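Student: Hi! Could we go through this structure together, one piece at a time?
Tutor: Sure, have a look at it and then ask away.

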Amino acid sequence: MITRIVKMTFKASYCATFEALFNAHKIKIQNQPGCMHLELLQDLEHPNQYITYSIWKTPADLEHYRQSEVFKYIWPLTKKGFDAPAQASSYINKS
């Protein structure tokens with residue numbers, strides 16, 4: 001399994017827009033082949049910082065999602081509100 005963590009910092013004025021975008025497409029992301037878990041976390045001390053935490057069966061499943069129409073639609077709209085570049089990391093689940 002692969003855990004994908006993406007940290008994003010938004011302009012404060014874009015946070016509500018991003019949350020609405022995420023919530024509107026969450027089911028479509030969760031229904032992608034190999035997606036086992038998806039959640040959105042908001043930093044307690046820095047409310048304009050978010051993390052998406054997702055778990056994928058294989059690296060190929062994650063890559064398939066990143067090439068999907070869903071991702072191609074959501075990512076440009078997400079990046080539009082960035083206040084800093086996103087930081088993404090993928091991890092192999094060892095447990």
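**Strands, helices and the core**

Tutor: Strands β1 and β3 run antiparallel and are joined by 8 bridges. Strands here are DSSP E runs of at least two residues, helices are H or I runs of at least four residues, and both are numbered from the N terminus. Two strands count as paired if DSSP finds at least two bridges between them.

Student: Before we go on, what kind of model is this?
Tutor: This is a predicted model, where local features need pLDDT of at least 70, side-chain atom pairs count only at pLDDT 80 or more, and totals for chains, interfaces and linings use all residues. Residues are numbered from 1 along each chain as its sequence is written, and side-chain values use heavy atoms, with hydrogens and water left out.

Student: Cool. Which residue in β3 is the bridge partner of Ile2?
Tutor: That is Trp56.

Student: And what joins β1 to β4?
Tutor: Another 8 bridges, and β1 and β4 also run antiparallel.

Student: So what order do the strands take in the sheet?
Tutor: The order is β2-β3-β1-β4, with 4 strands forming an open sheet and antiparallel pairing. At the edges stand β2 and β4 (82-92), each with a single partner strand, so one side of each has no neighbour in the sheet. From one strand to the next, the twist averages 10 degrees. For angles like this, axes are lines fitted to C-alpha atoms, for helices over the stretch in contact, and the values run from 0 to 180 degrees between N-to-C directions.

Student: Which helix packs on the sheet, touching β1, β2 and β3?
Tutor: It is α1, and its direction makes about 170 degrees with that of β2. Touching, or contact, means heavy atoms within 4.5 Å.

Student: Back to β1. How many of its residues are buried?
Tutor: In β1, 7 of the 9 residues are buried, so the strand is largely enclosed by the rest of the structure. Buried means under 20% relative accessible area, exposed means over 50%, and partly exposed is in between (1.4 Å probe, protein chains only).

Student: Can you pick one residue in there?
Tutor: Take Thr9, which lies in β1 (residues 2-10). Thr9 is buried, with a relative accessible area of 14%. Its bridge partner in β4 is Ala84. Setting aside neighbours within four places in sequence, Thr9 is in contact with Asn48, Gln49, Gly81, Phe82, Asp83 and Ala84.

Student: New topic! Which residues touch the most other members of the largest nonpolar core?
Tutor: Of its 20 residues, those are Met8, Phe10, Phe18, Ile29, Trp56 and Tyr65. At least two core residues come from each of β1, α1 (15-30), β2 (35-42), β3 (49-56), α2 (59-66) and α3 (69-79). The largest share, 5 residues, is from α1. A nonpolar core is a set of buried Ala, Val, Leu, Ile, Met, Phe, Trp, Tyr and Cys residues joined through side-chain atoms within 4.5 Å.

Student: What does Ile29 touch?
Tutor: Not counting residues up to four places away in sequence, Ile29 touches Cys35, Leu38, Trp56, Tyr65, Val70 and Ile74.

Student: And is Tyr65 buried or exposed?
Tutor: Tyr65 is buried, with a relative accessible area of 9%. This residue is in helix α2. Beyond its neighbours within four places in sequence, its contacts are Ile29, Gln32, Trp56, Val70 and Phe71.

Student: Which residues of α2 are buried?
Tutor: Asp61, Leu62 and Tyr65. They cover an arc of only 100 degrees around the axis, which puts them on the same side of α2. The arc is that of the directions from the helix axis to the C-beta atoms. On the face turned away from that buried side are the exposed residues Pro59 and Ala60.

Student: What about α3?
Tutor: Its buried residues are Val70, Phe71, Ile74 and Thr78. Down the axis they fall within an arc of 80 degrees, so they line one face of α3. They pack against β1, α1, α2 and β4.

Student: Last one: how many disulfides are there?
Tutor: The count is 0 disulfides, where a disulfide is a pair of cysteine sulfur atoms within 2.5 Å. Cys15 is buried at a relative accessible area of 10%, and Cys35 is buried at 14%.
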